[in-house]
Amino acid sequence: MRFLIQEVTKAQVMAEGNVSGRIDEGLLVFIGIGREDTEQIADKMTDRLLGLRIFKDDAGKTNLSLSDVGGALLLVSQFTLYADCRHGHRPSFMAAADPGPAQHLFTYITERCRRKVPVVETGVFGAHMQVSLINDGPFTIWLDSDDFTGKRGKSGQ
């Protein structure tokens, strides 16, 4: 599972000409779901996301979590986070989960976040979407479940 997390002052997603989600201060999270991902992995990733202390405190240090600042979440499913560009010029997406299991886990993550965050908006699963944002900082973080499940070494390699 992969989360691309961006601290934003505003973000919105449109699908089929309609706004499906819009937030002010908070996090825009693009979520890629892999073939081997499970609810247990989603739990670990969601806990890490919601616990990240990446918002600035009064001293200007990144020391506050989403709940500390009363921020919102905008979650957008994005299978292209599993693009494999190692061979040739056309990315392969074979490591991305099939739509059924991916939609289940995206919904699972969304519902879990809604139990802990007052404002959680989403894109439309499987739709062509237009995402706009004002990235604050810019501040962008990459979370990969391989870092928590031991599939990748401690150095991230």
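In which strand does Pro138 lie? I located Pro138 in strand S8. The model I consulted is a predicted one.

**Entry 1. Backbone geometry**

I examined the peptide bond between Gly137 and Pro138 and found it to be cis, with omega at about -10 degrees. I then turned to phi and noted that Glu16, although not a glycine, has a positive value of about 55 degrees. I recorded both because most residues other than glycine have a negative phi, and most peptide bonds are trans. Glu16 belongs to the loop between S1 and S2. Is Glu16 buried or exposed? Its relative accessible area is 69%, so I entered Glu16 as exposed.

**Entry 2. Salt bridges of strand S1**

I counted seven salt bridges in the model. Among them is the pair Arg2 and Asp144, whose side chains meet with N to O at 3.0 Å. Arg2 is in strand S1 (residues 2-15) and Asp144 in strand S8 (residues 129-144), so this pair ties together parts that are 142 residues apart in sequence. I checked the accessibility of the two partners and found both Arg2 and Asp144 buried.

I next looked up Lys10, which forms a salt bridge with Asp24 at 3.1 Å between the closest N and O atoms. Lys10 also lies in strand S1, while Asp24 sits in the loop between strand S2 (18-23) and strand S3 (26-32), so the parts tied together here are 14 residues apart in sequence. Lys10 is partly exposed, at 45% relative accessibility. Asp24 is likewise partly exposed, with a relative accessible area of 48%.

**Entry 3. A salt-bridge network**

I followed Lys116 to its salt-bridge partner Asp47, where the closest N and O atoms are 3.7 Å apart. Lys116 lies in the loop between helix H3 (99-114) and strand S7 (120-122), and Asp47 lies in helix H1 (residues 39-51), so the pair ties together parts 69 residues apart in sequence. Which residues are joined with these two by shared partners? I found one network of salt bridges, made up of Asp43, Asp47, Arg112 and Lys116. For Asp47 I noted a relative accessible area of 39%, which means that it is partly exposed.

**Entry 4. Helices H1 and H3**

I asked how the axes of H1 and H3 are arranged. They come within 10 Å and cross at roughly 40 degrees. The two helices are therefore oblique to each other. I also noted that H1 passes H3 in a right-handed crossing.

I then listed the residues that meet. H1 contributes Glu39, Ala42, Asp43, Thr46, Asp47, Leu49 and Leu50, and H3 contributes His104, Leu105, Tyr108, Ile109, Arg112 and Cys113. I sorted the residues of this contact into seven nonpolar, two polar and four charged.

**Entry 5. Surroundings of Cys113**

I closed with Cys113, a residue of helix H3. How accessible is Cys113? Its relative accessible area is 0%, so I recorded Cys113 as buried. Which residues are in contact with Cys113, its neighbours within four places in sequence left aside? I found Thr46, Leu49, Leu50, Leu73, Leu75 and Val120. Thr46, Leu49 and Leu50 also appear among the H1 residues that meet H3. For Leu73 I looked up the C-alpha separation from Cys113, which is 8.3 Å, with the two residues 40 apart along the chain.

Terms used: Residues are numbered from 1 along each chain as its sequence is written. This is a predicted model: local features need pLDDT of at least 70, side-chain atom pairs count only at pLDDT 80 or more; totals for chains, interfaces and linings use all residues. Side-chain values use heavy atoms; hydrogens and water are left out. A salt bridge is a side-chain nitrogen of Lys or Arg within 4 Å of a carboxyl oxygen of Asp or Glu. Helices (H or I, at least four residues) and strands (E, at least two) are DSSP runs, numbered from the N terminus. Buried means under 20% relative accessible area, exposed over 50%, partly exposed in between (1.4 Å probe, protein chains only). Axes are lines fitted to C-alpha atoms, for helices over the stretch in contact, and angles run from 0 to 180 degrees between N-to-C directions. Angles under 35 degrees count as roughly parallel, over 145 as roughly antiparallel, 65 to 115 as roughly perpendicular and the rest as oblique. A crossing is left-handed if the near helix is turned anticlockwise from the far one by less than a right angle, and right-handed if clockwise. Contact means heavy atoms within 4.5 Å. Ala, Val, Leu, Ile, Met, Phe, Trp, Tyr, Cys and Pro count as nonpolar, Asp, Glu, Lys and Arg as charged, and the others, Gly among them, as polar.
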